[in-house]
Amino acid sequence: MYSVNPIFHLRPLGVTGNSRFPQAKPAPDQTSIELVSDREKDAYFFRSLEQAGILLNAPQIKAVRHGKGPLLTLAGAGCGKTTVLTSRTGYLIQVANVPAGSILLVTFTSKAAGEMKSRIAAIPGIRPAAARAVQARTFHSFALMLLRHYGMTEDIFGDTKAQHTIIKMIQRKHGLSDAFQPESLLSSLSAWKMEGKTADELPDASREERETKQILLGYEAWKKERHKMDFDDILLHANRLLSDPHILRPLQQRFQYIMVDEFQDTNGLQYEIVRKLAAAHRNLMVVGDDDQTIYTFNGAKQEVILEFDKLYPGASVITLDINYRSDAHILGLGTEIIKHNKKRRYKRLVSAGKQGSQPLYATPSGVEEEAAWIVGHLQEQIENGQHSYKDIAILHRTASSSRAIFEQLVLKDVPFIQHGAGPVFYDQSLVKPLMDHLRLSLNPRNFEAIPSTLGPLYISRDAGLLYLDQQEKQQPKKYPLIHFTRWEQLKPFQQEAVKERIKLIKMLKSMTPLAAIQEMRRQFYDSYMESGDPSIYTHYRETILETLDELEAAVKRFETVESFVAFADELTRRHKEMESLQAASDSDAVQLMTIHRAKGLEFPIVYLIGASEGILPHSSALTKEAPEDRKAALNAGASSTEVEEALLEEERRLAYVAVTRAKKQLYITSPASQHGKPAPVSRFLLEAFGIKDSQEQRGPVSERKAYTKDHSRSKEKEQHSRSDRSSHQRMETVPVWSCTSSSCPAWIRQHPAQGTSTPSNKPPSCPLCKSAMEKSMREVPAIPKHYR
């Protein structure tokens, strides 16, 4: 059973009470009012900014005044980089007399580009025509403008679902395994193109590489036949155009001043485009933060910042180090986390804000308790009128690590928006075939569940469903899959596999959900998902294992297949009702997103979940053998030690980005177990409090090397309980209310009746399942005196 009462502490578990709290130093309070004298030639510009409420600090003034030549502006989190970019644009126009049309400002999102344009237009003295003349665009928008100007008329094929459909169609056409996930295939193609290469140049040494290349070449041919290009093609074609001096030279003459936002996120192809445009005049200003390089899987490289002044000798370097976003304690925590990275440009941010509240930490027993704690805690804050739902963000490391919190939000009817999310966990492409086998065990004629079960039987979905429909019209069967045992297009061993699968489906209903999932994985699903060379360990295969392990962890709460399937179906139904919130950007709703999605955003209150070893840092960064695709994203020729350090440092950057999203209050939870195995508090938190964890003590979280043909994995029992933490903190036995339902693990503390010192005798209803509750006793961590 788990508690729904969160217990937050001022320090993470394992940190002693005499450890100092991280805290950023206060920033100097001087602004342009004191720093720019009226006697200076450009004083009028800064006076006009001040009248508009824009008070620049010393490093911002220096960056705004920068004239010709390359400039690297290191912009710490929340340090006003957008203000610098827009103010420098105004300075170039008003003080340096640079024509507005010769300024190119490149960023990564349309929203950011639009904000830049509006803020430039709001600068005092900038005429509307000048604001319109400034080219503030995304990389793709600029590249598309270039392509259209030079006569490329292809339609843009940017619908992700349609792209996935085409990939699946090509797979079926060539009889290739459905286990190649469209998301993974398109991601690998994108990474390839971002290095300036085409699908024709993809490797084809192994069987997996040959099949992958066959699918992706089919995808490229499909687009070409229909006169279409995707977003990666836009950049690839634009870069090729810029290789023509007759096209490049006029652009260099037109755009005399180039500024790039979020420079740490640029991939090789984007950087090549920028370098070509700036080659003639070198008036290139880049703004970014190497401490926020978290997209290496998309081709981003930290080296673009670390080595900028090597590529551009004589470049100026300015550090924006005054943070206006976060409370001093939150900023201090982020600073103490990131300083342990070795491969970075030194910067130590100072805070322009108030001290505020300390970050709070909790160590729930597992992810289910973590989810119950957080949802209960945020609901309490809303009910007390302290905050609105839209003030709150819940950040998680991976998609699968949001499963428990997602369920709690839905079941408690908390309005939320899940950013960048696909379907409910149980409807995801990796999980749905298993769920549909369970559905067929309850109702063999559930025709909506049949399509996803055909892939693991290696039956073409389209042809198979057509045959099944024809046979059912002639002679309906209790188990419609039986028709395939007589289908002439299947080989004898395939027909036999169908018979064995029907036998298994008949057995599943009588099993516990956990046993059913494990049996399906053992009999067919793990081998089906291991498409390609099973000896090659990739991040995608790590994701498969992580997702399926999360499924096993989720089903442990249920005693019957029927109750589990009913729960999953109800979750899907409720979530569909809440999806309308996504369309309304001003909805009063909690924001649920990965740390990657949260970059560039800020929220008054942040809950960072999963701050435990194996989650953050992620297990893929702690294995003895790093995933091959993660290795490929790093520098070629890096040693195994360098790869390990690089992966761990990116995880630390993720932790830093997560922490620095919070403005006023930060709650960090570190579940003590994950998938039934102990999960110590994240080393990143301990390091921030001065506890340097040795690698020898921790060791790698996982040594699994993808799938092997003998894929029988022994499962550890869940033995990490609250008592495991007794060596770290004092425990006490307290009266509680425990749920009487055998399938519900909830319990809550008994609170004294008003005006008395004894607990109330009236049992409450269970907050999770609404069953009756009964009195019992439970050993829990003692509440510190300062919380009583």
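# Two parallel sheets and their cores

Of the 788 residues in this protein, 55% count as buried. The model is a predicted one. It contains 30 helices and 22 strands. The protein exposes about 34800 Å², and carbon and sulfur atoms supply 50% of that area. Among contacts in the protein with a separation of 6 or more, 78% are accounted for by residues 24 or more positions apart.

A sheet is a convenient place to start. Strands of a sheet pair through backbone hydrogen bonds, either parallel or antiparallel. One open sheet here has six strands in the order β4-β3-β7-β8-β2-β9, and its pairing is parallel. At its edges stand β4 (135-138) and β9 (316-320); each has a single partner strand, so one side of each is left without a neighbour in the sheet. Neighbouring strands of this sheet are turned against each other by 15° on average, direction ignored.

Inside this sheet, strand β2 (residues 71-75) pairs with strand β8 (residues 284-288) in the parallel sense, over four bridges. The bridge partner of L71 in β8 is M285. Two helices that pack on the sheet can be followed from here. Helix α3 (residues 58-65) packs on the sheet and touches β2, β8 and β9, with a direction at about 145° to that of β9. Helix α4 (residues 81-94) also packs on the sheet; it touches β2, β3 (103-107), β7 (257-260), β8 and β9, and its direction makes about 170° with that of β7.

Another open sheet is formed by six strands in the order β12-β17-β16-β13-β15-β14, with parallel pairing. Its edge strands are β12 (360-362) and β14 (416-418), each of which pairs on one side only. From one strand to the next, the twist averages 20°. Helix α16 (residues 328-338) packs on this sheet, touching β12 and β17 (662-669), and its direction makes about 55° with that of β17. Helix α17 (residues 367-383) lies across β12, β13, β15, β16 (603-608) and β17, and runs at about 160° to β16.

Strand β13 repays a closer look. With β15 (residues 590-594), strand β13 (residues 392-396) pairs in the parallel sense over four bridges, and A393 stands opposite Q591 in β15. With β16, strand β13 also pairs in the parallel sense over four bridges; there, I392 has I605 as its bridge partner. How many of the residues of β13 are buried? Five of the five are, so the strand is largely enclosed by the rest of the structure. Its two faces are both covered, with I392, I394 and H396 buried on one side and A393 and L395 buried on the other.

The nonpolar cores come next. In soluble globular proteins, nonpolar side chains tend to be buried together. The largest nonpolar core in this protein has 56 residues, and those with the most contacts inside it are L378, I394, I405, Y426, L438 and L551. This core draws at least three residues from each of domain 3 (360-415 + 588-689) and domain 4 (426-567). Leaving aside residues up to four places away in sequence, L551 touches F425, Y426, V431, L434, I517 and F564. Apart from this core lies another, of 41 residues, which includes L85, I120, V134 and L320.

L434, one of the contacts of L551, is also among the buried residues of helix α19. Nine of the eleven residues of α19 (residues 432-442) are buried, so this helix is largely enclosed by the rest of the structure. The buried ones are P433, L434, M435, D436, H437, L438, R439, L440 and S441.

A last stop is S351, whose place is in strand β11 (residues 350-351). Is S351 buried or exposed? It is buried, because its relative accessible area is 3%, and buried means under 20%. Not counting residues up to four places away in sequence, S351 touches A24, K25, P26, A27, N323, S326, D327, A328 and L331. Of these contacts, A328 and L331 fall within helix α16 (residues 328-338), the helix that packs on the sheet by touching β12 and β17.

Notes
Residues numbered from 1 in each chain as written. Predicted model: local features only at pLDDT ≥ 70, side-chain atom pairs only at ≥ 80, totals over all residues. Heavy atoms only, no water. Pairing = 2+ DSSP bridges. Axes fitted to C-alpha atoms, helices over the stretch in contact; angles between N-to-C directions. Contact = heavy atoms within 4.5 Å. Buried < 20%, exposed > 50% of the residue type's maximum accessible area, 1.4 Å probe, protein only. Areas by Shrake-Rupley, 256 points an atom, 1.4 Å probe, with all protein chains shown as cover. Core = buried A, V, L, I, M, F, W, Y, C linked by side-chain atoms within 4.5 Å. Domains from an automatic or database assignment.
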